[in-house]
Amino acid sequence: PVSNVMLTNRVAWIRERSNNRNPLELPLASEGYGEWVWNSNLLWNWGSKTPLQAGFSFRRLRDDGFSARYNFNPLAIRRRDNWRGTALRAGGFLEQAWTSGPLTLTAGARFDTYSEAGPAAVSPHVSALWQVLPGTRLQLAASQAVQYPALLPLLIENMGNPHLLPERSQHAIAAIEQYFGERTRLRAEFFHRADRDLIAQPLLDPRVLPGGAIFIPPAAARYENSVRGAARGFELFLHRRTAN
């Protein structure tokens with residue numbers, strides 16, 4: 001709209017279908033997925049070193065399908081679990097950056113809602129970048145992210161759970177970058193991520209219990225927010241660009 005404001009809009013549509021059959025050509029599963037998306041992003045340089053970014057997204061989802069189980073003696077379908085539904089996802093974000101000398105600070109947050117599952121979620125993030133030397137930079141960052149469940153675990157017959165919570169992840173990094181000229185850089189990064197409320201079917205599989213007894217799963221094992229996890233590690237990254 002003006003020299004210091006850039007507004008970007010994107011509209012997209014996707015559609016896909018999958019089918020799964022066993023060696024007897026019996027249908028085991030089928031799924032059809034579609035989505036309309038509208039993303040809008042705003043970049044406003046209201047100061048020479050203070051860019052502000054904001055945006056929102058709207059997604060209309062549609063998902064349908066089935067999974068089938070069989071008895072093979074005699075050959076008959078034992079159970080067929082269907083699902084079909086539509087949902088709306090909406091979200092927005094706001095991010096402000098400040099640069100003063102060798103230090104750049106960034107802070108922001110994202111807000112998301114989902115018509116088929118809740119609650120609404122706020123995901124903050126912060127980052128600090130320090131130019132220690134002309135070719136050396138240090139970075140510290142932390143963030144939280146959420147992922148709402150797909151329609152299948154919410155709506156599938158017998159196993160669906162309409163009360164599923166969004167999966168959540170907390171992520172932190174510490175990194176150092178060294179530039180060798182204008183086209184080559186080496187980056188070393190340590191990261192830690194903690195996940196919770198991950199979606200699984202904890203009663204789906206038979207297993208041996210601590211006392212030696214065998215756990216027989218129920219006929220319909222529901223989806224639950226039953227998994228926690230953590231990941232930590234180190235990454236070394238070498239990047240070189242050429243004029244071509």
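**Entry 1: strands S2, S3 and S4**

I began with S2 and strand S3 (residues 51–72), which run antiparallel and are joined by 17 bridges. For my own record, strands (E, at least two residues) and helices (H or I, at least four) are DSSP runs, numbered from the N terminus. I call two strands paired if DSSP finds at least two bridges between them. I picked one pair to look at: Leu-42 has Ala-54 in S3 as its bridge partner. Five residues separate S2 and S3, and the two strands form a hairpin.

Before going on, I noted that this is a predicted model, in which local features need pLDDT of at least 70, side-chain atom pairs count only at pLDDT 80 or more, and totals for chains, interfaces and linings use all residues. Residues are numbered from 1 along each chain as its sequence is written, and side-chain values use heavy atoms, with hydrogens and water left out.

Next I followed S3 into S4, and found 21 bridges between these antiparallel strands. Here Arg-59 stands opposite Arg-89 in S4. S3 and S4 also form a hairpin, with two residues between them.

**Entry 2: the whole sheet**

How many strands form the open sheet, and in what order? I counted off ten, in the order S1-S2-S3-S4-S5-S6-S7-S8-S9-S12, with antiparallel pairing. S1 and strand S12 (224–240) stand at the edges with a single partner strand each, so one side of each is left without a neighbour in the sheet. From one strand to the next, the twist averages 10 degrees; for such angles, axes are lines fitted to C-alpha atoms, for helices over the stretch in contact, and angles run from 0 to 180 degrees between N-to-C directions. A reminder to myself: strands of a sheet pair through backbone hydrogen bonds, either parallel or antiparallel.

**Entry 3: S6 through S9**

I then walked along the later strands. Strand S6 (residues 121–133) pairs with strand S7 (residues 136–147) in the antiparallel sense over eight bridges, and Ala-128 is opposite Leu-140 in S7. These two strands, S6 and S7, make a hairpin with two residues between them.

S7 is joined to strand S8 (residues 167–180) by twelve bridges, again antiparallel. Gln-144 has Gln-170 in S8 as its bridge partner. S8 pairs in turn with strand S9 (residues 184–200), antiparallel over 13 bridges, and there I found Ala-172 opposite His-192 in S9.

**Entry 4: Arg-84**

Arg-84 is found in strand S4 (residues 75–100). Is Arg-84 buried or exposed? Arg-84 has 64% relative accessibility and so counts as exposed; my cut-offs are under 20% relative accessible area for buried, over 50% for exposed and in between for partly exposed (1.4 Å probe, protein chains only). Leaving aside neighbours within four places in sequence, I see Arg-84 in contact (heavy atoms within 4.5 Å) with Asp-63, Asp-64 and Leu-155. I also looked up a separation: the C-alpha atoms of Arg-84 and Ala-243 are 51 Å apart, with these positions 159 residues apart along the chain.

**Entry 5: backbone oddities**

Most residues other than glycine have a negative phi, and most peptide bonds are trans. With that in mind, I listed the following cases.

- Gly-118 and Pro-119 are joined by a cis peptide bond, with omega about 0 degrees; Pro-119 lies in the loop between strand S5 (103–114) and S6.
- Glu-25 is not a glycine, yet has a positive phi of about 65 degrees. I placed Glu-25 in the loop between strand S1 (5–21) and strand S2 (27–45), and Glu-25 is exposed at a relative accessible area of 53%.
- Asn-158, also not a glycine, has a positive phi of about 75 degrees. The loop that holds Asn-158 runs between helix H1 (151–155) and S8, and at 45% relative accessibility Asn-158 counts as partly exposed.

**Entry 6: a nonpolar surface patch**

Which residues form the nonpolar patch on the surface? I noted Trp-98, Leu-103, Leu-105, Trp-130, Val-132, Leu-133, Leu-138 and Ile-176, with about 680 Å² of accessible area together. S5 and S6 are the elements that give two or more residues to the nonpolar patch, and S6 has the largest share, three residues.

My terms here: patches are made of residues with over 30% relative accessible area and no salt bridge, joining like charges within 9 Å and nonpolar side chains (Val, Leu, Ile, Met, Phe, Trp, Tyr) within 5 Å. A salt bridge is a side-chain nitrogen of Lys or Arg within 4 Å of a carboxyl oxygen of Asp or Glu. Accessible areas come from the Shrake-Rupley method with a 1.4 Å probe, and for residues only the protein chains shown count as cover.

Last, I checked Trp-98, which sits in strand S4 and is partly exposed, with a relative accessible area of 40%.
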